[in-house]
Amino acid sequence: MCGRYAASRRPEDLVSTFGVEKWDPEETLAPDWNVAPTKEVYAVLERPLKGEDAESRRPVRQMRVLKWGLVPSWAKSPEGAARLINARAETVHEKPSFKRAFATRRCILPADGYYEWVTGAGERELEVEGKRKRPRKQPYFVTPADGSVFAMAGLYEFWRDRTLPDDHPAAWWVTCSVVTTEAETGPLAVAPAEGPGSLAEIHPRMPLMLTPDRWDAWLDPACTEPEEVRALLAAPPEGLMRAFPVGTAVSNVRNNGPELLKELSGPEVGTLF
């Protein structure tokens, strides 16, 4: 799954990296090293610009600010958004909450990397024995080994708040979800000295990373043929990622800052493997 990630890149750099044509500097977000569900995030997407006439309504690559936690267009209220932060690649084409967005409203959610938590071996034993109800977990940060941006496959959707007038600034919600897939079982490009040797040893799921050769097709709203779109959900080549332990401060969403990404020499939460 993906329940927390870091996004500290300058918007100007993201605009250049993804070939964005339209971006409003007034939508600049502060660097965020602890992005949690319901927060506002950057998303790269392609759609016609609002107000364009019919002849010039070509898809334009834009960077927009969306809220993480997808609200389907048919939802009666946005209350379930926090539960729809992830969409499983295996079923995204058929789930009512995601299938419409999967067909034509796909986006890229840029990140530095994502966090995942592992329960320590000793903690697991105590949990089995019933001596601890909430075992402590060691957070890991997973990021491209070459330092490039982590382009997470995403979906976005529009939801109209019918309790507000058309001209109200909050009348429309634009929300998103991260597409996840099975975690890689092959060896990490760079593995910690003590700890997991693969992403699957950290967690069975991971965000679907899109390599640059898939960006155009994934963002293209004209790409709607089901099998063609589903082919884009194939896992990227293995061995592109590194993972390292970070401090447990990241477990509290109120903590935020570059110190959260400081690599530890070993896990804080006992022996993990």
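Strands here are DSSP runs of E with at least two residues, numbered from the N terminus. With that in hand, let's take a look around this predicted model.

## The chain at a glance

The chain runs to 273 residues, and 49% of them count as buried. Its secondary structure comes to five helices and 13 strands. About 13600 Å² of the chain is exposed, with carbon and sulfur atoms supplying 50% of that area.

How about contacts along the sequence? Take the ones between residues at least 6 apart: 72% of these join residues at least 24 apart.

## The largest pocket

The largest pocket holds about 800 Å³ of space. Its lining is made up of 24 residues, and the ones nearest the centre are Lys-50, Arg-64, Phe-158, Trp-172 and Val-174. Sorted by class, the lining has twelve nonpolar residues, ten charged and two polar.

Which strands should you look at here? β2 (22-23), β4, β5 (60-68) and β11 (172-182) each put at least two residues into the lining. β5 gives the most, with six residues.

## One cavity

The structure also has one cavity of 30 Å³ or more, and the space inside this largest cavity is about 30 Å³. Around it you'll find Pro-72, Ser-73, Trp-74, Pro-96, Ser-97, Phe-98, Lys-99, Arg-100, Ala-101 and Glu-157.

Helix α2 (residues 99-104) gives the most to this lining, with three residues. By class, the cavity lining splits into five nonpolar, three charged and two polar residues.

## A covered strand and its partner

Near the far end of the strand numbering sits β13 (residues 241-245). Is it mostly covered or mostly open? Mostly covered: four of its five residues are buried.

β13 pairs with strand β9 (residues 137-144), running antiparallel to it over five bridges. For a spot to zoom in on, try Tyr-140, whose bridge partner in β13 is Pro-245.

## An unusual backbone angle

Most residues other than glycine have a negative phi. Thr-38 goes the other way: its phi is positive, near 80 degrees, and this residue isn't glycine.

Where is Thr-38? Look in the loop between β3 (32-35) and β4 (40-47). Thr-38 counts as partly exposed because its relative accessibility is 45%, which falls between the 20% limit for buried and the 50% limit for exposed.

Terms used: Residues are numbered from 1 along each chain as its sequence is written. This is a predicted model: local features need pLDDT of at least 70, side-chain atom pairs count only at pLDDT 80 or more; totals for chains, interfaces and linings use all residues. Side-chain values use heavy atoms; hydrogens and water are left out. Buried means under 20% relative accessible area, exposed over 50%, partly exposed in between (1.4 Å probe, protein chains only). Two strands pair if DSSP finds at least two bridges between them. Contact means heavy atoms within 4.5 Å. Accessible areas come from the Shrake-Rupley method with a 1.4 Å probe; for residues, only the protein chains shown count as cover. On a 1 Å grid over the protein atoms alone, a cavity is a set of points where a 1.4 Å probe fits but cannot get out, and a pocket is an open set with protein on both sides within 12 Å along at least five of seven lines; lining residues have an atom within 4 Å of a point. Grid points are joined across faces, edges and corners, and a volume is the space filled by probe spheres set on the points. Ala, Val, Leu, Ile, Met, Phe, Trp, Tyr, Cys and Pro count as nonpolar, Asp, Glu, Lys and Arg as charged, and the others, Gly among them, as polar.
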